[in-house]
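Please examine the sequence and the model together. The paragraphs below lead from the chain as a whole to its core, its surface and selected residues.

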Amino acid sequence: MSKRPPLGATAVWEAVMKAAGHQCQCTGGLCGSKHSDTGLRCLHTTAHGRLLVAPADLTLSTIAAAAVPVEELRAWCDSCHAKARNRQLAAARDLARRTADEPLSLF
């Protein structure tokens, strides 16, 4: 596969890919894999498939994610993106559940 950008937001995609070295930026357990056999970073590149651009915080709404500055975006392979998003959403749900269960203290 080539390093061709997607049809939209080409400049953003190219800036993120250049900063990422055209390699998925999932590191050290974000997706559940520590990538320990690959130097703690996913080895997927644009040479092997399409990478997408998304913020590190994958729990953001679509509108909030669109407002993230280019410098704070990451290159993700489909697999790492999906797994990291699921893990972040589960952690957010768990945090919301725990804080909802805590008694409200007035003092």
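How much area does the protein chain expose, and what percentage of it do carbon and sulfur atoms supply? In this predicted model, the exposed area of the protein chain is about 7200 Å², and 58% of that area is supplied by carbon and sulfur atoms. The chain has 107 residues, of which 25% count as buried.

The secondary structure consists of three helices and two strands, and their order along the sequence gives the pattern α-β-α-β-α. As for the contacts, consider those between residues at least 6 apart in sequence: 56% of them join residues at least 24 apart.

The interior may be taken next. The largest nonpolar core contains 18 residues, and those that touch the most other members are Cys24, Cys26, Trp76 and Cys80. Helix H1, strand S2 (73-76) and helix H3 (78-101) each give two or more residues to this core. The largest share, four residues, is that of H1. Cysteine 26 can be followed further through its contacts. Beyond the residues up to four places away in sequence, Cys26 touches Cys31, His35, Leu40, Arg41, Cys42, Ala75, Trp76 and Cys80.

Leucine 73 belongs to strand S2. Its relative accessible area is 13%, and because the limit for a buried residue is under 20%, leucine 73 is classed as buried. Apart from neighbours within four places in sequence, the contacts of leucine 73 are Val12, Val16, Gln25, Val53, Ala54, Pro55 and Val68. Of these partners, valine 16 is 57 residues from leucine 73 along the chain, yet the two C-alpha atoms are separated by 6.6 Å.

The loop between helix H1 (10-20) and strand S1 (52-55) deserves separate attention, with glutamine 23 as one of its residues. Glutamine 23 counts as buried, at 18% relative accessibility. When neighbours within four places in sequence are left aside, glutamine 23 is in contact with Arg41, Cys42, Leu43, His44, Thr45, Leu51 and Ala75. Histidine 22 lies in the loop between H1 and S1 as well, and is buried with a relative accessible area of 18%. The backbone of histidine 22 has a phi near 55°, which is a positive value in a residue other than glycine.

Threonine 38 is also placed in the loop between H1 and S1. Is threonine 38 buried or exposed? Neither term applies, because its relative accessibility is 23% and threonine 38 therefore counts as partly exposed. Between the C-alpha atoms of threonine 38 and threonine 27, which are eleven residues apart along the chain, the separation is 9.8 Å.

The description ends with the largest pocket, which holds about 320 Å³ of space. Its lining comprises 15 residues, and Ala54, Pro55, Thr62, Ala65 and Ala66 are the ones that lie nearest its centre. The elements that give two or more residues to this lining are S1, helix H2 (62-66) and H3. By residue class, the lining of the largest pocket divides into nine nonpolar, four polar and two charged residues. Ala54 and Pro55, named here among the residues nearest the pocket centre, also appear among the contacts of leucine 73.

Definitions and conventions. Residues numbered from 1 in each chain as written. Predicted model: local features only at pLDDT ≥ 70, side-chain atom pairs only at ≥ 80, totals over all residues. Heavy atoms only, no water. Buried < 20%, exposed > 50% of the residue type's maximum accessible area, 1.4 Å probe, protein only. Contact = heavy atoms within 4.5 Å. Core = buried A, V, L, I, M, F, W, Y, C linked by side-chain atoms within 4.5 Å. 1 Å grid on protein atoms, 1.4 Å probe; cavity = no way out; pocket = protein on both sides within 12 Å on 5 of 7 lines; lining within 4 Å. Points joined across faces, edges and corners; volume = space filled by probe spheres on them. Nonpolar A, V, L, I, M, F, W, Y, C, P; charged D, E, K, R; others polar. Areas by Shrake-Rupley, 256 points an atom, 1.4 Å probe, with all protein chains shown as cover.
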